[in-house]
Structure formats: structure tokens, C-alpha cells
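Here's a quick tour for anyone meeting this structure for the first time. Have a look at the picture, then read on.

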Amino acid sequence: VREAMLVSSQDKMLDRICLSKAADVIEYLIVAMARLPVEEVRVLFLDSRNRLLSDEVVSRGSISEAPIYPREILKRALALDATALILAHNHPSGDPSPSEGDIDATSRLLKAAKGIGLTVHDHIIVGSEGWISLRDWVAFQ
């Protein structure tokens with residue numbers, strides 16, 4: 001059932017401007033990631049009109065952490081000719097509250113992306129208990 005919902009949500013995402021409805025992005029990420037048994041880092045790569053170019057899992061980790069490598073994310077964004085991205089990951093514990101590591105990784109990605117003219121719209125953490133936007137925790141450009 002999860003896989004069917006994921007395919008249906010992904011089809012909606014691919015057919016519309018990604019950020020026209022933030023609720024659709026959140027719904028998709030919750031379906032895709034909220035109940036995974038390990039942390040997974042996903043990036044939604046967007047074009048200049050905020051249409052989804054690619055949705056990719058860029059890292060998988062353990063039950064308590066997954067690495068975020070800004071260099072690899074930015075390299076992939078450049079290869080796709082993306083102009084913006086949304087970073088997301090899950091917390092298998094269910095609690096979407098950001099860790100210091102989450103905030104630090106987001107800050108490093110923002111700084112690196114700004115240097116090459118790439119916009120990071122948000123870093124969203126999802127869990128079975130809800131979701132959090134790091135736009136409220138980190139100074140986005």
C-alpha cells in the first residue's frame with residue numbers, strides 16, 4: 001500500500017510545479033519516508049520554474065543518523081542543471097525534531113549552494129509524529 005501511495009504521489013509531483021502546493025510536497029515526503037526503519041536522505045532537484053527534475057535518495061544510514069554530503073548533492077544538482085533543491089530526511093524514532101548535526105549539515109549545504117548560485121528552498125525532517133521545516137531553525141538565504 002505504501003509503494004502504491006508513493007507512486008501515486010510521485011506522479012502528482014512530476015506533473016506539476018513542485019512548490020505550487022507545499023502540502024503536496026510534505027504529503028509525498030511523509031508517505032515516502034516517515035516510517036522507514038533507517039534514516040534516509042532524499043533530495044528533490046528543481047528547475048528554474050520549481051518543477052521537479054529528479055527525486056533521489058542520496059544517502060542511507062542507521063536508525064539514528066545518515067550522512068549528508070553537500071559536495072555530492074551539489075555535484076548532482078549541477079549534472080541535472082537544477083537551480084534549486086529541497087533536502088529531506090526522516091527520523092525513524094518518529095520525533096522530527098532536528099539534532100545539532102541536522103542544523104550543522106543544513107548550514108554547510110546552504111553556504112556551499114550559495115557559492116554556486118543554487119537555491120536551497122528547505123530541509124524537511126519527517127517522522128511518524130509529524131514533520132519540521134528547518135527554515136525555522138537555520139538562516140536560509
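Two strands count as paired when DSSP finds at least two bridges between them. Keep that in mind for the hairpins below. One more thing before we start: this is a predicted model.

**The overall layout**

The chain has four helices and five strands. Reading from the N terminus, they come in the order α-α-β-β-α-β-α-β-β. Of the 141 residues in the chain, 48% are buried. If you take the contacts between residues at least 6 apart in sequence, 66% of them join residues at least 24 apart.

**How the strands pair up**

Here are the pairings to look for.

| Strands | Sense | Bridges |
|---|---|---|
| S1 (residues 40-46) and S2 (residues 52-60) | antiparallel | seven bridges |
| S1 (residues 40-46) and S3 (residues 84-90) | antiparallel | six bridges |
| S4 (residues 119-127) and S5 (residues 130-133) | antiparallel | four bridges |

S1 turns up twice in that list, pairing with S2 and also with S3. On the S2 side, Leu-46 has Leu-52 as its bridge partner. On the S3 side, Phe-45 sits opposite Leu-85.

S1 and S2 make a hairpin with five residues between them, and Asn-50 in that turn has a positive phi of about 60 degrees. The other hairpin to find runs from S4 to S5, with two residues as the link. Gly-127 is bridged there to Gly-130 of S5.

**A closer look at S1**

Is S1 buried or exposed? Seven of its seven residues are buried, so the strand is largely enclosed by the rest of the structure. Its side chains split into two sets: Glu-40, Arg-42, Leu-44 and Leu-46 point one way, while Val-41, Val-43 and Phe-45 point the other way. Both sets are buried, and that goes for Glu-40 and Arg-42 too.

**Where two helices meet**

Now for H3 (residues 70-79) and H4 (residues 100-115). Their axes come within 10 Å and cross at roughly 40 degrees. That angle is neither under 35 degrees nor in the 65 to 115 range, so H3 and H4 are oblique to each other. The crossing is right-handed. Which residues of H3 and H4 make the contact? H3 brings Pro-70, Ile-73 and Leu-74, and H4 brings Arg-108, Leu-109, Ala-112 and Ala-113. Sorted by type, the residues of this contact are six nonpolar, no polar and one charged.

Key: Residues numbered from 1 in each chain as written. Predicted model: local features only at pLDDT ≥ 70, side-chain atom pairs only at ≥ 80, totals over all residues. Heavy atoms only, no water. Axes fitted to C-alpha atoms, helices over the stretch in contact; angles between N-to-C directions. Parallel < 35°, antiparallel > 145°, perpendicular 65-115°, else oblique. Left-handed = near helix turned anticlockwise from the far one by under 90°. Contact = heavy atoms within 4.5 Å. Nonpolar A, V, L, I, M, F, W, Y, C, P; charged D, E, K, R; others polar. Buried < 20%, exposed > 50% of the residue type's maximum accessible area, 1.4 Å probe, protein only.
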